[in-house]
Structure formats: structure tokens, C-alpha cells
Amino acid sequence: MGSLFGKLKKKEESRITEQDKAILQLKQQRDKLRQYQKKIQANLNREREVAKKLLKDGKKEKAKLLLKKKRYQENMLQKTDNQIDQVEKMVDDIEFASIEMKVVEGLKKGNDCLKEMHKILSLENVEKILDETQEAVEYQREIDDLLAGGILTDEDEDAVLAELEEITKADLPQVPEEDVSLPDVPKEKIQEEAPKERQHELVAAS
């Protein structure tokens with residue numbers, strides 16, 4: 001378990017870049033400067049009140065000295081504002097540069113991907129595919145025209161019907177040819193019996 005947590009912690013630490021560390025340090029410095037500003041501002045407010053009291057008490061020199069100190073701290077406060085502006089600008093520049101770097105990396109990967117695709121879909125292959133597609137379209141158009149009867153002549157129609165009949169006969173099962181002979185009919189006997197039948201018809205008529 002310990003080794004597992006150690007690996008996870010190491011993996012999380014590896015995700016922190018140098019840019020992230022620099023931005024973090026700058027933001028920490030900015031926060032310290034702001035805290036210093038609050039401290040100076042509180043001293044300025046307090047020292048102004050003390051200077052008023054000293055003037056009321058007739059201690060003009062002390063009040064003057066205190067106001068000089070106040071003036072110096074006001075100058076420091078202005079410098080602190082400039083430093084905070086510089087720190088924030090630096091943070092913005094680093095963050096923007098980091099974004100630009102990611103964009104450039106994305107463009108590089110996209111460019112590499114396009115190069116690989118261009119290797120597969122070379123100009124020669126594309127032209128071959130287009131030619132084959134055009135041939136297939138033209139062939140299908142010819143078939144459609146043939147089925148529509150717009151090109152075949154009467155001779156072609158007869159040839160098609162003949163070939164169709166030939167294919168149909170070839171697919172039918174073959175019937176074996178056998179010599180089937182029928183018995184001969186005795187013609188003489190039929191001729192002899194005919195007069196007798198005639199005699200019977202005459203007797204019946206009388």
C-alpha cells in the first residue's frame with residue numbers, strides 16, 4: 001500500500017511543471033506585498049492622528065518628524081503598488097506563454113498526424129481512387145441505360161433472349177433418352193371383322 005501511495009504522489013508531482021512553480025511563487029510574493037500594503041496603510045492612518053495630537057500639544061518638531069516618516073511610507077506604498085502590478089503582469093505573461101506552448105504542441109501533433117495521413121492518401125492513390133470511382137459510375141450508367149432499353153437494337157434483344165433460353169436449358173435437369181417401342185396393331189384382323197359388324201347393322205335395321 002505504501003509503495004502504491006508513493007507512486008501516486010510521485011505521479012501527481014510530475015504533473016507540476018516549472019511554469020506552475022514559477023506562477024505559484026509569483027502569486028505568493030504578490031500576496032505578501034498586499035499584506036505589507038495593509039500594514040503600511042494602517043500605520044499611515046495611525047501616524048496622521050498622532051501628528052494631529054502632537055500639534056495640539058505644541059510639539060511641532062515631533063509632529064514634523066512623524067509626517068516625514070509618514071511621507072516615506074507613502075512612497076513605499078506607491079512602490080509596492082508598482083511591484084504588485086509587475087508581479088501580476090509576469091503571472092499573466094507566464095500563463096499566456098504556457099497556453100501558447102500548448103497550442104504549439106497541439107499544432108505540431110496535428111501537423112504530424114496530417115503528414116501520416118498524406119502518406120496513406122498520396123496524390124497518386126487519390127487520383128487512382130477517383131479514376132476507379134469514375135469508371136464505376138460510368139459502368140453503372142451503362143447498365144442503367146441497357147436496362148432501360150435505350151441502347152439495345154432488335155438484334156441485341158434477340159441475342160439476349162437466345163442466351164437467356166440457352167442458360168435456362170442448361171440449368172434444367174437432363175432427361176435420359178430411351179427407346180420406347182409400342183406393339184404393332186393387327187390390321188388384318190380388324191379388316192376381317194369389319195364385314196361382320198356391317199351384317200349385324202343391316203339385320204337390326206330390317
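Select Lys70, Arg71 and Glu74 to begin: in this predicted model, these three residues are joined in a network of salt bridges. Lys70 also belongs to the buried residues of helix H3, so keep it highlighted for the next stop.

**Helix H3**

Extend the selection to residues 60-120, which make up helix H3. At 1.5 Å a residue, its 61 residues should span 90 Å, and the C-alpha atoms at its ends are 90 Å apart, so expectation and model agree.

Within H3, now colour the buried positions: Ala63, Leu66, Lys70, Gln73, Leu77, Thr80, Ile84, Val87, Val91, Ile94 and Ser98. Against which element do these buried residues of H3 pack? Display residues 18-56 as well; the partner is helix H2.

**From H3 to H2: Glu88 and Arg34**

Select Glu88 and Arg34 next. Their side chains form a salt bridge in which the closest N and O atoms are 2.4 Å apart. This pair links distant parts of the chain, with Glu88 in helix H3 and Arg34 in helix H2, 54 residues apart. Glu88 is partly exposed, because its relative accessibility is 26%. Arg34, with a relative accessible area of 35%, is likewise partly exposed.

**Within H2: Lys21 and Glu18**

Move along H2 to Lys21 and Glu18, whose side chains meet in a salt bridge at 3.9 Å, N to O. The cut-off for such a contact is 4 Å, so this pair falls within it. What separates the two residues along helix H2? They are 3 residues apart, which means a separation of about one helical turn. Is Glu18 buried or exposed? At 58% relative accessibility, Glu18 counts as exposed, the threshold being over 50%. Lys21, by contrast, has a relative accessible area of 40% and is partly exposed.

**Within H3: Lys108 and Asp112**

Return to helix H3 and select Lys108 together with Asp112. The salt bridge between them has its closest N and O atoms 3.4 Å apart. Because the two residues lie 4 residues apart in H3, about one helical turn separates them. Lys108 is exposed, with a relative accessible area of 55%, whereas Asp112 is partly exposed at 33% relative accessibility.

**Final view**

To close the tour, display every salt bridge at once: the structure holds 9. Among the features visited are the Glu88 and Arg34 pair, which connects H3 with H2, and the network of Lys70, Arg71 and Glu74 with which the tour began.

How values were computed:
Residues are numbered from 1 along each chain as its sequence is written. This is a predicted model: local features need pLDDT of at least 70, side-chain atom pairs count only at pLDDT 80 or more; totals for chains, interfaces and linings use all residues. Side-chain values use heavy atoms; hydrogens and water are left out. The expected span of a helix is 1.5 Å times one less than its number of residues. Buried means under 20% relative accessible area, exposed over 50%, partly exposed in between (1.4 Å probe, protein chains only). Contact means heavy atoms within 4.5 Å.
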